[in-house]
Amino acid sequence: MAKEASKNCLVIVESPTKAKTIRKFLPKGYVVEASMGHVRDLPQSATDIPEKYKEQEWSKIGVNVDEDFQPLYVIPKGKFKVIQDLKKKMADADILYLATDEDREGESISWHLLELLKPKIPVKRMVFHEITKNAILKALEDTREVDMKLVHAQEARRILDRLVGYTVSPLIWKKIAYGLSAGRVQSAGLRLVVNRERERIKFKSATYWDLEAELEKAGKNGGAFTAKSLSLNGKRIATTKDFDETTGKLLNEKDILLLDEAHSQKLLAALKSGQYTVNSVEEKQFTQKPSIPFITSSLQQEANRKLGMSARDAMRTAQSLYEQGFITYMRTDSPSLSQEAISGARNAVEGLFGKEFLSPEPRQFSSKKGAQEAHEAIRPAGAEFQHPRETGLTGRELSLYELIWMRTVASQMAEAQKLSISVRISAKSGSDTVVFGTSGSRILFPGFLRAYVEGSDDPEAALEDREVILPEMKEGDSLKLNNMNALTHTTKPPARFTEASLVQQLEKEGIGRPSTYASIIDTILDRGYARKLGNALVPTYTGIGVMQLLETNFMNLVDYKFTSGMEVALDEIAEGKLDSVPYLKKFYSGKEGLAAQVKEQDKKIDPKVSRTIQLDQIKDAEVKIGRYGAYVVKPGTETKDEVHATIPDDIAPGDLTSTQIEDLLIASERGPQSLGKHPKTGEDVFCLTGRYGPYVQLGLASDDNPKPRRASLLKGMDPKTITFEEAVKLLSLPRELGIHPEKQKPVVASMGRFGPYVMCDGDFRSLKKDDNVFTVTFERAMELMREEKRSRRGAQALKDLGKYEEQAVELMDGKYGMYLKWGKVNATLPKEINHETLTLEQAIPVLKARLEQVGDQPAKGGKKAAAAEKKAPAKKKPAKK
């Protein structure tokens with residue numbers, strides 16, 4: 001390297017942040033530039049297809065299926081200048097280093113750079129899994145060529161995704177609704193969510209009773225505790241696990257006793273005067289091992305559980321930490337640690353907790369079979385782990401780094417030593433003997449729990465929570481009854497997936513790879529196939545409709561084993577064991593291929609059937625998907641016409657009942673019923689139900705008044721019981737509160753789809769829990785207006801970058817990531833750009849690239865802005881997806 005240091009060397013990475021970090025570790029003569037992510041890709045729309053290929057049928061897919069599946073690569077808009085700049089830099093260089101990420105995607109970017117730059121100077125591929133001085137200098141010494149096996153595997157993955165998406169999606173447009181799509185891994189992921197909702201629909205609840213006693217042990221080291229009934233006269237009392245989820249009945253009626261209210265109350269009365277004796281006390285010591293270091297899936301799960309981050313947020317934050325040199329590469333399914341990492345973790349343990357907290361021997365973790373991506377766990381970078389307090393990080397980056405630091409350090413700590421205590425107590429009254437049980441636990445030695453408790457932010461507090469201390473008891477001890485209650489319980493349906501549990505299930509089923517979990521969830525949500533209800537993922541009626549079509553006609557595409565098998569095939573292509581072209585031909589071409597399947601099913605699928613949702617709990621009506629969402633249809637008779645009624649979006653498919661359906665149909669059949677005449681206008685006031693829930697309306701829509709005044713019901717209001725006075729009060733909104741002192745525009749309070757708010761000149765703020773939209777004052781409204789802005793979709797203004805063409809440019813943090821806002825133009829911030837150091841100069845090219853895509857101007861802005869760009873050409877119909 002010393003010899004090359006005297007030469008001019010060009011190093012290309014993906015992002016400016018990564019370039020900035022690497023630049024610090026390289027000798028003089030090295031120039032580091034960023035490719036700004038991918039430099040070539042398949043066409044995204046018809047306008048991207050080169051003119052000479054547009055007449056070819058295969059060009060709509062972007063893959064020449066007739067010529068060994070040759071992909072049609074194009075340079076995305078906004079990347080031409082990047083390529084030209086890199087060529088200029090390369091003209092002054094003697095050696096080219098390609099330093100993109102070490103996974104398949106990074107290898108693919110390096111190959112595309114070679115194809116576009118066509119270097120005539122020596123080219124070296126340098127790889128590293130952390131950005132530290134030692135790692136970078138070692139990577140310079142130990143270079144290799146671009147690994148074409150990895151490139152072919154990534155290319156095959158991209159082609160497979162395109163073949164599925166652009167072949168099946170047009171069929172879904174025709175049979176259900178325009179704009180919907182299918183995907184190779186997203187569809188299998190959606191099926192998991194839909195099947196869980198089906199399980200909830202089939203679920204039949206059951207009710208059972210038991211007894212809970214508050215007992216006390218007298219004397220020294222005594223105390224009170226609670227115990228639950230376990231058996232009556234030798235027969236075990238039923239609990240949740242004893243019921244069949246689809247029938248609500250006991251799985252084994254012979255050996256299990258089901259207590260009802262009458263029986264439990266009878267026992268309660270009898271046992272109040274009973275005798276309570278300790279039957280047995282069992283103590284057992286056991287050890288608990290620390291969790292393995294983070295891999296991509298487990299990091300996403302813990303970040304969701306402990307920090308409330310979505311999978312995408314976790315990966316975006318981890319990428320920033322990696323590019324700044326704080327952690328190792330974040331896309332990996334290998335939990336192994338290097339010797340350097342083990343030493344770093346053990347040194348941290350000894351320095352912070354003492355030698356007694358170290359594991360007796362260094363603990364290593366082996367990779368599962370077929371582990372891909374990077375070859376080490378996600379851990380703090382370097383040989384000496386930087387303590388979270390010393391990093392200078394803040395916010396999410398600090399929280400996630402601390403999580404990674406704690407998990408890695410804990411992996412080299414001693415096992416926790418615990419003691420479990422199980423006590424059985426007999427209560428006798430007459431001929432009846434009820435056995436009660438209670439259990440306790442004590443931590444004898446915390447070990448790794450001192451540093452990291454899974455699912456907890458505060459290890460010290462968590463240690464206390466995990467201990468259940470019982471008074472000292474021995475067999476034969478008499479106990480005193482302080483109180484007893486008969487408790488009723490209802491079995492619960494299977495829990496819906498959260499992002500964390502869905503990632504766990506995707507990994508278990510082998511669907512996707514570490515780098516795709518976040519995008520699977522994002523796609524399901526973005527397409528409207530599922531929505532968030534708290535942390536739970538709920539399938540929409542549209543999502544269920546798409547899944548029904550795929551299951552009925554293309555079951556292999558959503559079969560978990562088939563999808564997992566495709567991932568195995570891609571792994572074998574990466575290892576050089578499988579040729580991608582024969583595999584793609586078998587999948588797509590021929591009589592059994594996807595293309596033939598789609599052509600055949602296109603003739604068979606009836607759109608009316610495809611738009612009908614099968615819900616087991618609905619018997620006398622049909623649920624259908626329409627242009628404006630889901631609706632229910634009651635078939636007509638000889639004397640009655642067919643009745644339609646909109647189903648509000650907030651009623652989940654699994655929660656929809658026959659009673660709700662009946663109410664919706666009755667309201668629709670009856671038509672709008674006036675609550676009374678408005679005291680000021682004399683118009684009728686109605687309470688109606690639409691796609692977004694119940695609302696009140698002033699008058700009926702007509703040609704003269706196509707959009708009557710409306711107001712959503714407040715949370716807790718029942719459309720069945722709302723009064724005329726309440727409706728008039730709602731229609732009094734918006735309320736003008738005063739004039740904004742700076743904007744000189746009115747400040748108003750009103751209700752919207754997402755709840756009550758105050759607003760001035762298009763600037764909105766949500767009212768807080770204790771605020772009332774009818775009584776909020778101007779002073780309180782101004783207090784809210786001065787708070788940091790966060791939109792209903794979760795978008796938060798992070799930074800005002802300045803003005804471009806007389807229009808403000810803002811950096812926003814939204815539901816789906818960072819983006820730039822310029823008037824009404826929104827442009828996604830490339831992940832390669834560090835938002836913390838973003839400048840207006842960096843933002844302008846991103847906005848220009850977005851303008852090239854949409855061919856439009858911001859709605860607001862000066863005349864200069866309007867004249868700066870030529871009139872956009874007429875939009876062409878996009879290529880089928």
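In this predicted model, the count of aromatic pairs comes to 14. One of them joins Tyr30 and Tyr97, whose ring centres lie 5.9 Å apart. The planes of these two rings meet at 40°, and since a pair is called stacked under 30 degrees and edge-to-face over 60, the Tyr30 and Tyr97 pair is tilted. The contact links distant parts of the chain, as Tyr30 belongs to strand β2 (residues 30-34) and Tyr97 to strand β5 (residues 95-98), with the two positions 67 residues apart in sequence. Tyr30 has a relative accessibility of 8% and so counts as buried, the limit being under 20%. Tyr97 is buried as well, with a relative accessibility of 0%.

A second example is offered by Tyr276 and Phe436, with ring centres 6.3 Å apart. Here the planes stand at 55°, so this pair, too, is tilted. Tyr276 lies in strand β11 (residues 275-288) and Phe436 in strand β13 (residues 432-445), so the pair ties together parts of the chain that are 160 residues apart in sequence. Both partners are shielded from the surroundings in the sense of accessible area: Tyr276 is buried at 3% relative accessibility, and Phe436 is buried at 0%. Elsewhere, Phe353, Phe357 and Phe445 come together as one aromatic cluster.

Aromatic rings also meet positive charges in this model. The charged end of Arg40 sits over the ring of Trp111, at 5.5 Å from the ring centre. Arg162 is placed over the face of Tyr166, and in this case the distance to the ring centre is 4.0 Å.

Attention now turns to the sheets. Strands of a sheet pair through backbone hydrogen bonds, in either a parallel or an antiparallel sense. One open sheet contains four strands in the order β21-β22-β23-β24, and its pairing is antiparallel. Its edges are formed by β21 (674-677) and β24 (710-712); each has a single partner strand, so one side of each is left without a neighbour in the sheet. On average, and with direction ignored, neighbouring strands of this sheet are turned by 25° against each other. Within the sheet, strand β22 (residues 684-690) and strand β23 (residues 693-698) are joined in the antiparallel sense by six bridges. Across this pairing, Val685 stands opposite Leu698 of β23. Helix α23 (residues 724-731) lies across β21, β22, β23 and β24, and runs at about 80° to β23.

Another open sheet follows the order β25-β26-β27-β28, again with four strands and antiparallel pairing. The edge positions belong to β25 (735-739) and β28 (763-766), and because each has a single partner strand, one side of each is left without a neighbour in the sheet. The average turn between neighbouring strands here is 25°, direction ignored. Strand β27 (residues 755-760) pairs with β28 in the antiparallel sense over four bridges, and Cys760 stands opposite Asp763 in β28. This sheet also has a helix lying across its strands: α24 (residues 778-785) crosses β25, β26 (746-752), β27 and β28, running at about 85° to β27.

Technical notes
Residues numbered from 1 in each chain as written. Predicted model: local features only at pLDDT ≥ 70, side-chain atom pairs only at ≥ 80, totals over all residues. Heavy atoms only, no water. Phe/Tyr/Trp six-rings, centres within 6.5 Å; stacked < 30°, edge-to-face > 60°. Buried < 20%, exposed > 50% of the residue type's maximum accessible area, 1.4 Å probe, protein only. Lys NZ or Arg CZ within 6 Å of the ring centre and 35° of its normal. Pairing = 2+ DSSP bridges. Axes fitted to C-alpha atoms, helices over the stretch in contact; angles between N-to-C directions. Contact = heavy atoms within 4.5 Å.
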